[in-house]
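Here are my notes on the model you sent round. Please read them with the structure open.

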Amino acid sequence: MDKYDAVVIGAGNGGMVAAIRLLQGGAKVLLVEKHNLPGGFATSFRRGRFEFEASLHELNDFGPKENGGDVRALFDELGVTDKIEWTPIPDAYRLICKSEGLDALMPFGKQAYINAMEKQVPGSRKATEAFFELAEQTRAAQAYTSSKNGVVDSSYMVKNHGNYVRTGSYSVNEVLDSIKMPDKAKRILNAYWCYLGAHCDDLSFSHYASMVVRYITRGAMMPKGRSHEISLALCERIRELGGEIWFNTEAEKILTGADGGVEGVTLKGGRQIKTRHVIANCSPHVVYGRMMDKVPERAVRAANARKFAGRGFCMFLGLNKSADELGIENHNYFLYDTMDSVRQYELMKSIDTNRVQATVCLNRAYPQCSPAGTAMMYFTTLYMSDAWGEVTARDYAKTKEKVANIMIDRFESDTGSRIRESIEEIAVATPLTYARYCGHPEGGIYGYESQYWDGLNPRLQMMEHDHITRGLRFAGGYSMRLSGYSSAYFSGDITGRQTVGDIKKEG
Amino acid sequence: MKFKRQIFGFMDLLRFKKMVPLRAKKLAEAPATPLPTSYRVDRTVKILHPGMQQAELTEIRQETPDMKTFTFRLSGKMMFRAGEYVTVGHKIGDSLASRPYAIASSPLTALEKGEISVGIKKAGFFSGWMFDNAKTGDKFFIGDPSGFFHYDGVRDRAVVAGIAGGSGVTPFLSMARAIAEGSEDFSLVLFYGARTEKDLAYKEELDKLCSDKFKVVYVLSDEKNEKYESGFVTAELVEKYAGKDVSVFMCGPQAMFDFADKEMAKLDLGGKYVRKESNCVAARDVAPTQYKLRVHIRDEVFEVNADARETLLTAMERAGLNVPAKCRAGGCGYCHSRLISGKYTIAGADKRRVADAKFGFIHPCCTYPDSDVELEVPAGEIPQ
């Protein structure tokens, strides 16, 4: 039987980074991927004269060389930064919530952001500054925690990172209310909530604040060759380090021994691979639901306690006119019905009432991404229930078209631009698409939801508690860093290094 | 600033400390109900994208002297958009050969009866073999319904002018059937070009399907017959029967595209309203030259022969390698493979992603070797 120190299941963002960390730690590694491409969601596809980005809106925490973020530092260590051509995103976001009279274009840069907020909401300066102060402290505390691999001295934390500890158990809304953020400023500041997929009564402040501060102070970046370029760069690095990647190769079973720990992996078709270490770049629901014959009860209970986060939907349009001609002014838009995220979250439970969109026109960051005289857009939303589970095969195409029309109408009516007559190519991905390619339950794209009790802080502190099966660790959106590109890369970094430690301990 | 939410600051600290025990409690207290092995969306996905499967050939019908309809019983239900194709494949001698064919039957036939049919014209290696050798009861492998040659209510106009030549009529037959059964909702005016009346496959059925939403106009090039239009499909003809506000869909041989492209330019429709189904990449017209092709599939290495005239995919299939093959036109990306070394030429337009070119990936279905070549190819999914 073939033998590897570790098998990584799934070449998603977390899996690829984990494979590199394992290889850097000297392990012999096999990465298996059921699809014929790497990346999971991090990929691209061609339609006619367009190459669409499949999922990445903007990469957070990368930053320019002179103001590099943690993802850049990670990519430097992995040895992939220079394999990728980057282009900066111009503005943070344009938020439009017509029903509440909101239309705000928010810039990158802390001072610029605070000034723009003051202009939108006179008198908000003090509260916005307080927000950034807390957010910076949160980032510093997280950097310290990471440097200690999550094992920190609590009195040291209270002494040196007091505000992080004091805000750490609260939701976004609870903290913003405590620092007396004016209501309108709160609504503008909370615009990013759909990137994390839990409403602001649930979402932990530290999680949200650390994301926002990274975006605003470092800006965001995009690889010119779409996220597919990052995925191919990571794969090239895996090969340079001697790792093997097998595509169209689905891992069906994780084999366990008498101690309940990992002994191997069975591939579709029956081939067995011997290994004592598996990193699963997929959900515990899938692993404990169908990949193991003997499942620890604790793992089943833990999985049942979790809540699936948003199921993805994305419409891709190739337009036969330029962004200027069409009146598309910005790179990324958040279009909401209401900035009350709790109410908005409810509306996102049904296909008929979900009208939220996070929309990108990539040409506004990278004009050459499509041929001259054309533009490329993608419109994303999340469903906060298994609504697409109700859609039959017969009604599938019709339902996709219905949602596509809702999205086009909303974009036109909120921004005043006219795109419908210029649609040369259209593709639509639904929760079924994400389930098909990536195998996630219900077509979720955000892992387990950041519920009040299941947010970033307790997950990071409970990595060893969540390590239930010997030799089995998780990477990706369902794991300790939650979802999103940068989080998935970090999860692979953490879990890859932990597994190197596990291997070394075994000697 | 010192953040404080509770009246006493230490209570904020206490709450932080309680997060871990609270989460541990939540995780432990949830029910031990076995986790699902699949989800509702997966069951629908299985119908929309069943994946590569084995299917039995149940019926062969002669349509014209050189065209037959082949009907297959699938392993389960399938749903597709009228106009999509499937890959049909079989082991022929030492080769694992396949070819994409537009589905001619209706979507609801596949959904309700688990059955699809394709029209095959006697031409080329695999189609020729099918025409002469396939018999009912034989087992074939059949791929996912694929492609983008279907109506889109957001993008297209309400009236589609379909231009078909030869076996290119089959996707339009599926569309006409779909319109009749209600699984598609648009108006189709089909311009069906053939040399003579006896070359018109499916004529009887097409005539029966005519309604307020489907019309068919036969256009014969080599026969004068007052019942039909004669010559080729021109802009004038399209305007006469379908009007100017149309989306044009074309499926047929390259010579037909070349003529129709010039004609449709007169209607000033632009790229948005003219869509063409891609044809398979054919052999190239160069001197026969033999090369070595080294193929890595997982941890296996195969050394096979390649000919400068044929694509790398054909070379691998000739050698009986189980490798991915779908559109055979360079567009779908299913055969996405890593070039380790060698020189190559891509047939027609380069349809790869930009990063593929940068990191040395190619699509073997549309790539000819210009030297010995070494490739890493994903494993094929043909059931063995």
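The points below go from the chain interface to the domains and then to single residues.

1. Status. This is a predicted model. Every value below is computed from it.

2. Chain B against chain A. Chain B puts 75 residues into the contact and chain A puts in 96. Together they bury about 7,300 Å², with carbon and sulfur atoms giving 60% of that area. Phe3(B), Arg23(B) and Leu35(B) supply 11% of the area that chain B buries against chain A, more than any other three residues.

3. Polar links between the chains. The count between chain B and chain A is 9 salt bridges. One of them joins Asp144(B) to Arg436(A), with the closest N and O atoms 3.4 Å apart. There are also 37 residue pairs in polar contact between the two chains, both residues being at pLDDT 80 or more.

4. What chain B presents. Four helices of chain B each supply at least two residues of the side that touches chain A: H1 (9–29), H2 (40–48), H3 (107–113) and H10 (354–359). H1(B) gives the largest share, 13 residues. By class, this side of chain B has 36 nonpolar, 11 polar and 28 charged residues.

5. Domains of chain A. The domain assignment splits domain 1 over three segments, 2–85, 224–306 and 450–506. Domain 2 is 111–219 and domain 3 is 310–438. The C-alpha centres of domains 2 and 3 of chain A lie 29 Å apart. Their contact takes 10 residues from domain 2 and 12 residues from domain 3.

6. The interface of domains 2 and 3 of chain A. The buried area is about 1,100 Å², and carbon and sulfur atoms give 73% of it. Trp193(A), Cys194(A) and His199(A) supply 49% of what domain 2 buries against domain 3, more than any other three residues. The rule finds 0 salt bridges across this interface. It does find 2 residue pairs in polar contact there, both at pLDDT 80 or more. Helix H9 (residues 193–196) of chain A gives the most to the domain 2 side, with 3 residues. That side divides into 6 nonpolar, 2 polar and 2 charged residues.

7. A buried salt bridge in chain A. The structure holds 75 salt bridges over all chains. In one of them, Arg21(A) pairs with Asp493(A), the closest N and O atoms being 2.6 Å apart. Arg21(A) lies in helix H1 and Asp493(A) in helix H19 of chain A, so the pair ties together parts that are 472 residues apart in sequence. Arg21(A) is buried at 9% relative accessibility, and Asp493(A) is buried at 8%.

8. A partly exposed pair. Glu85(A) forms a salt bridge with Lys224(A), the closest N and O atoms being 3.6 Å apart. Both residues sit in loops, 139 residues apart. Glu85(A) is partly exposed at 44% relative accessibility. Lys224(A) is partly exposed at 25%.

9. A mixed pair and a network. Lys186(A) and Asp177(A) form a salt bridge at 2.9 Å between the closest N and O atoms. Lys186(A) is buried at 16%, whereas Asp177(A) is partly exposed at 43%. Elsewhere, Asp259(A), Glu263(A), Arg276(A), Arg470(A) and Glu506(A) are linked in a network of salt bridges.

10. Arg177(B). Is this arginine buried or exposed? Arg177(B) counts as buried because its relative accessibility is 18%, under the 20% cut-off. It is found in helix H5 (residues 170–181) of chain B. Beyond its neighbours within four places in sequence, Arg177(B) is in contact with Ala104(B), Ser105(B), Ser106(B), Glu205(B) and Leu209(B).

Terms used. Residues numbered from 1 in each chain as written. Chains lettered and ligands numbered in written order. Predicted model: local features only at pLDDT ≥ 70, side-chain atom pairs only at ≥ 80, totals over all residues. Heavy atoms only, no water. Buried < 20%, exposed > 50% of the residue type's maximum accessible area, 1.4 Å probe, protein only. Contact = heavy atoms within 4.5 Å. Domains from an automatic or database assignment. Buried area = accessible area lost by both parts, 1.4 Å probe. Salt bridge = Lys/Arg side-chain N within 4 Å of Asp/Glu carboxyl O. Polar contact = N/O pair within 3.5 Å; in protein donor to acceptor, adjacent residues only side chain to side chain. Nonpolar A, V, L, I, M, F, W, Y, C, P; charged D, E, K, R; others polar.
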